[in-house]
Number of protein chains: 2
Amino acid sequence: MPRGVNISLIGTGKVAMHLAPALQQAGHHVIQIIGRNEVPAKDIAQVSDAAWSSDFSSLSPQAELVILAVSDSAIAEVSEKLPFGNFAIVHVSGATPIASLARFVNHGVLYFLQSFVPHKKPDFAQMPVLINGSNEVSLSLIRNVAESLSEKVSAVSDHQREAVHVAAVFANNFSNHMLTLAEDILRENNMNLDVLKPLIFESTERLRVANPSDIQTGPAIRGDEQTIKKHVELLNNAEKKDLYERISKSIQDRYREKL
Amino acid sequence: MPRGVNISLIGTGKVAMHLAPALQQAGHHVIQIIGRNEVPAKDIAQVSDAAWSSDFSSLSPQAELVILAVSDSAIAEVSEKLPFGNFAIVHVSGATPIASLARFVNHGVLYFLQSFVPHKKPDFAQMPVLINGSNEVSLSLIRNVAESLSEKVSAVSDHQREAVHVAAVFANNFSNHMLTLAEDILRENNMNLDVLKPLIFESTERLRVANPSDIQTGPAIRGDEQTIKKHVELLNNAEKKDLYERISKSIQDRYREKL
């Protein structure tokens with residue numbers, strides 16, 4: 001096991017809540033929790049046997065790594081309240097450039113690719129972690145901490161991290177919206193999504209061994225224009241009709257050579 | 001257990017392959033497999049200890065239920081080759097009207113809502129089955145067989161079954177295409193979908209206890225126009241830009257009151 005790192009954790013949200021005990025368990029020393037909100041800061045500090053404070057200027061001089069686990073919009077404001085010192089500082093945001101912390105020489109990113117929920121302990125070991133560092137020293141420290149938590153650490157550029165963020169919107173937000181549109185269609189016909197859930201779970205299971213581009217099915221990839229036309233007629237709403245046609249066209253364009 | 005039904009199974013595809021042993025195990029008698037292709041017909045017959053034939057006119061007079069497990073496009077042609085008799089006949093299609101079998105007095109639909117793959121035994125017990133029948137006698141027989149296989153049988157109209165089919169295109173085909181677009185974006189940036197898989201699996205897990213409309217996240221539902229604009233600029237392809245904007249708008253319209 002690599003040596004334990006002295007860590008000050010800033011923030012009291014879901015990431016901080018789950019990260020503090022995971023860091024302790026990985027052999028690091030969470031020496032301090034700093035958060036504007038006293039109650040959650042105390043709670044997190046107690047679990048990790050750390051000190052706590054609501055004063056950002058009280059950052060411990062023992063800190064080797066400062067983890068800024070605050071919302072994207074608070075990164076600039078909070079980082080400006082911190083004193084300089086002999087530490088590296090990271091944010092945990094997928095969408096914020098590394099340069100947002102450039103006032104510190106040693107800075108970087110520690111982005112956990114999972115959505116955290118309060119009452120469910122996340123599986124850090126299998127969680128992809130995207131890291132970046134302003135120089136070799138910072139990157140090496142950040143990698144040390146990331147790899148002590150997860151088996152899936154990758155060093156990526158700002159541009160790559162942004163691409164992952166856009167890809168996650170398609171893979172997570174937009175695919176969930178497709179399920180919501182299905183839910184709406186079923187509800188309008190006195191049914192509910194339960195009827196499709198086994199199919200949804202089975203398709204997701206297949207992603208363990210296949211790429212989505214290898215398992216695309218349905219009328220669009222089959223070039224079944226008759227079913228597409230029938231489905232568009234059946235939809236009773238201009239927006240759903242338009243989306244059905246647009247996404248079907250996107251599928252047909254994507255696999256044109258196969259049609 | 002309800003009494004066993006004498007069943008002639010027509011077709012040698014994935015549905016017939018999995019259905020024959022499941023029907024036997026549920027206490028029915030698969031007395032005959034009829035299929036144009038000799039080898040798979042013999043294989044399926046052997047597993048279920050049934051006779052086999054490639055001649056549609058050789059339908060057994062003992063058959064009480066004829067299951068037409070053939071592709072949508074073959075339903076009309078095959079059903080016209082069958083002799084009349086004292087049986088009910090069903091197709092297994094999600095998209096074909098019940099009336100496609102109206103030349104037989106007792107007819108109906110037995111639609112299994114799952115995608116079958118050759119080498120994986122499907123879980124019939126948890127598989128939604130949508131049934132329909134031309135009259136009480138047929139419907140009762142079809143329900144008897146369906147309920148001997150599955151705990152999730154619903155009698156639905158043609159219109160409802162069509163709605164499920166459209167909803168499945170959104171929930172299954174379109175959501176898979178969203179993952180494919182994510183896969184494309186990642187590949188263009190020298191990464192792959194593995195980085196998003198834990199997030200995808202976690203989101204699907206949540207559907208066991210929540211509706212997709214209750215767990216929508218992302219820049220669109222947050223009304224985060226700055227991120228939406230940044231993402232659209234980052235996408236290097238007119239079709240992806242257009243889809244990103246159209247689906248984000250659909251999300252914002254769907255949840256307008258919440259914004």
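**Exercise 1. Decide whether A:Asp49 is buried or exposed, and describe its backbone and its place in chain A.**

Solution. At a relative accessibility of 72%, A:Asp49 counts as exposed, where exposed stands for over 50% relative accessible area, buried for under 20% and partly exposed for what lies in between, with a 1.4 Å probe and protein chains only. The model is a predicted one, in which local features need pLDDT of at least 70 and side-chain atom pairs count only at pLDDT 80 or more, while totals for chains, interfaces and linings use all residues. Residues are numbered from 1 along each chain as written, chains are lettered from A and ligands numbered from 1 in the order of writing, and side-chain values use heavy atoms, without hydrogens and water.

The next step is the backbone. Most residues other than glycine have a negative phi. A:Asp49, although not a glycine, has a positive phi of about 60 degrees, and its place is in the loop between helix H2 (38–47) and strand S3 (51–53) of chain A; helices (H or I, at least four residues) and strands (E, at least two) are DSSP runs numbered from the N terminus.

A:Asn190 can be treated in the same manner: this non-glycine residue also has a positive phi of about 60 degrees, lies in the loop between helix H5 (158–188) and H6 of chain A, and counts as exposed at 70% relative accessibility.

**Exercise 2. Find what the side chain of B:Gln32 reaches, and in which strand B:Gln32 has its place.**

Solution. Begin with the strand: B:Gln32 is in S2 (residues 29–34) of chain B, and it is buried, with a relative accessible area of 5%. Its side chain reaches the backbone nitrogen of B:Ser60 at 3.0 Å. A polar contact of 2.7 Å also joins the side chains of B:Gln32 and B:Ser8; such a contact is a pair of N or O atoms within 3.5 Å, of which, within protein, one must be able to donate a hydrogen and the other to accept it, residues adjacent in sequence counting only if both atoms are side-chain atoms. Finally, B:Ser8 belongs to strand S1 (residues 6–10) of chain B and is buried at 0% relative accessibility.

**Exercise 3. Describe helix H4 of chain A by its span, its start and its buried residues.**

Solution. H4(A) runs over residues 136–149, and its 14 residues reach 20 Å from the first C-alpha to the last, close to the 20 Å expected at 1.5 Å a residue; the expected span is 1.5 Å times one less than the number of residues. At the start of H4(A), a side-chain oxygen of A:Asn135 comes to within 3.3 Å of the backbone nitrogen of A:Val137. Among the buried residues of this helix are A:Leu139, A:Ile142, A:Val145 and A:Leu149, as well as the polar A:Ser138 and A:Asn144.

**Exercise 4. State by what turn and shift chain B can be laid on chain A, and which residue of chain B comes closest to the rotation axis.**

Solution. A turn of 180 degrees with a shift of 0.0 Å along the axis lays chain B on chain A with an RMSD of 0.1 Å, and the two copies are therefore related as by a two-fold rotation axis. The superposition is by least squares on the C-alpha atoms of residues with pLDDT of at least 70 in both copies. Of the residues of chain B, B:Ser175 comes closest to the axis, with its C-alpha at 2.1 Å.
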